[in-house]
Amino acid sequence: MRFFGDYHIHTRRSDGRQNEEQVITAALEQGLKEIALTDHGPLAAGIGVKNPEVYLELKERVENLHPLYPDLTILVGAEANIRDLDGTLDIPPEVLSQLDIVIAGLHPYTLPTSVQDGMGIFVQNSLRHLGKAQREKAINANTKATIEAIYNHPQLDILSHPGLFFSVDMEEVARACVKEGVLFEINCGHEHPDVSDIIIAEREGVSFIVNSDAHFTDTVGDLRYGSEIIAQLEIDSERIANALDGGGHTRWAKKHNAFTF
Ligand SMILES: [Zn+2]
Ligand SMILES: [Zn+2]
């Protein structure tokens, strides 16, 4: 499968090892038409941006770069952290509304909004070995946090690596994605979700997006994991929002910028 864009890429502004020019060069080498720079939200310890204003500074910088790279559309977005059971994100709404694209996901070591929320999502999850009841509680909490984030943020485009680090009820999460027009990510950097969860999501009717989650230039546009699974499961290209052929982009209901190709 061929793809026109890679919409989940980190730069040095969070935990990537590459600056925006290096990402752009790598994307052009891969033949991409469009990319999104999506650094981690500020409250994931050690890996996030310094503060939400960083996104707005990057937007300005990219606006200046655009004329130099007429063959590539460069979007600036974020991978926000889901912080609690209400699905609160760690980027304020006034910044979210200025971004070209918004991704959200659960990440380890995210500062919860309260101790109680932290106990609900993050601690229980690491105590899974205590037994079935605790595990179920953790899955319920992770699922609730995820679907609340989907329902409460109309700006949300993509749910990143569903179920990674934190197990969720995949059917419920997939259903929320379908209802709210949020794209279900196949994350090639983490090779996640696995085939069984992608089958569940497909059955529920999600639209997929395949992203690299690149932190280094050599993985920008590396979408092989997704490509292989899509071929293996014979998923129709019209279900893939960034597939070059098949019209999948029409599934990206919330996309801010019109497609130019
Ligand atoms: Zn992530
Ligand atoms: Zn990421």
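**Exercise 1. Is valine 76 buried or exposed, going by its C-beta neighbours inside 10 Å?**

Keep in mind as you work that this is a predicted model.

*Step 1.* Find the residue: valine 76 belongs to strand S3.

*Step 2.* Look at its neighbours. Valine 76 has 24 C-beta neighbours inside 10 Å, and the cut-off for a buried residue is 20 or more. Valine 76 therefore counts as buried.

*Step 3.* See what surrounds the residue. Beyond its neighbours within four places in sequence, valine 76 contacts Leu37, Tyr55, Leu58, Lys59, Val62, Leu99 and Asp100. Threonine 38 is 38 residues away along the chain, yet its C-alpha atom is separated from that of valine 76 by 6.4 Å.

**Exercise 2. Work out the strand order of the open sheet and find its edges**.

*Step 1.* Write down the order. The seven strands run S1-S2-S3-S4-S5-S6-S7, and the pairing is parallel.

*Step 2.* Pick out the edges. Strand S1 (5–9) and strand S7 (208–211) each have a single partner strand, so one side of each has no neighbour in the sheet.

*Step 3.* Check two pairs. S1 and S2 are joined in the parallel sense by three bridges, with isoleucine 9 partnered by leucine 37 in S2. Strand S3 (residues 73–81) pairs with strand S4 (residues 101–105), also in the parallel sense, over five bridges; here asparagine 81 sits opposite glycine 105 of S4.

*Step 4.* Consider the surroundings of S2 (residues 34–40). Seven of its seven residues are buried, so the rest of the structure largely encloses this strand.

**Exercise 3. Describe how helices H5 and H6 pack, and which side of H6 is buried**.

*Step 1.* Start with the axes. Those of H5 (residues 132–152) and H6 (residues 170–180) come within 9 Å and cross at roughly 0 degrees. This makes H5 roughly parallel to H6.

*Step 2.* List the contact residues. H5 contributes Thr143, Thr146, Ile147, Ile150 and Tyr151, while H6 contributes Glu172, Val173, Ala176, Cys177 and Glu180. Sorted by class, the contact has six nonpolar, two polar and two charged residues.

*Step 3.* Turn to burial. In H6, the buried residues are Met170, Val173, Ala174, Ala176 and Cys177. They span an arc of only 160 degrees around the axis, which means they lie on the same side of H6.

*Step 4.* Ask what covers them. The cover includes H5, strand S5 (158–159), strand S6 (183–187) and helix H7 (195–204).

*Step 5.* Finish at the end of the helix. Glycine 181 follows H6 and has a positive phi, near 65 degrees.

Conventions. Residues are numbered from 1 along each chain as its sequence is written. Chains are lettered from A and ligands numbered from 1 in the order in which they are written. This is a predicted model: local features need pLDDT of at least 70, side-chain atom pairs count only at pLDDT 80 or more; totals for chains, interfaces and linings use all residues. Axes are lines fitted to C-alpha atoms, for helices over the stretch in contact, and angles run from 0 to 180 degrees between N-to-C directions. Helices (H or I, at least four residues) and strands (E, at least two) are DSSP runs, numbered from the N terminus. Angles under 35 degrees count as roughly parallel, over 145 as roughly antiparallel, 65 to 115 as roughly perpendicular and the rest as oblique. Two residues are in contact if their C-beta atoms, placed from the backbone, lie within 7 Å. Ala, Val, Leu, Ile, Met, Phe, Trp, Tyr, Cys and Pro count as nonpolar, Asp, Glu, Lys and Arg as charged, and the others, Gly among them, as polar. Two strands pair if DSSP finds at least two bridges between them. A residue is buried if 20 or more other C-beta atoms lie within 10 Å of its own, exposed if 12 or fewer, and partly exposed in between; C-beta atoms are placed from the backbone. The arc is that of the directions from the helix axis to the C-beta atoms.
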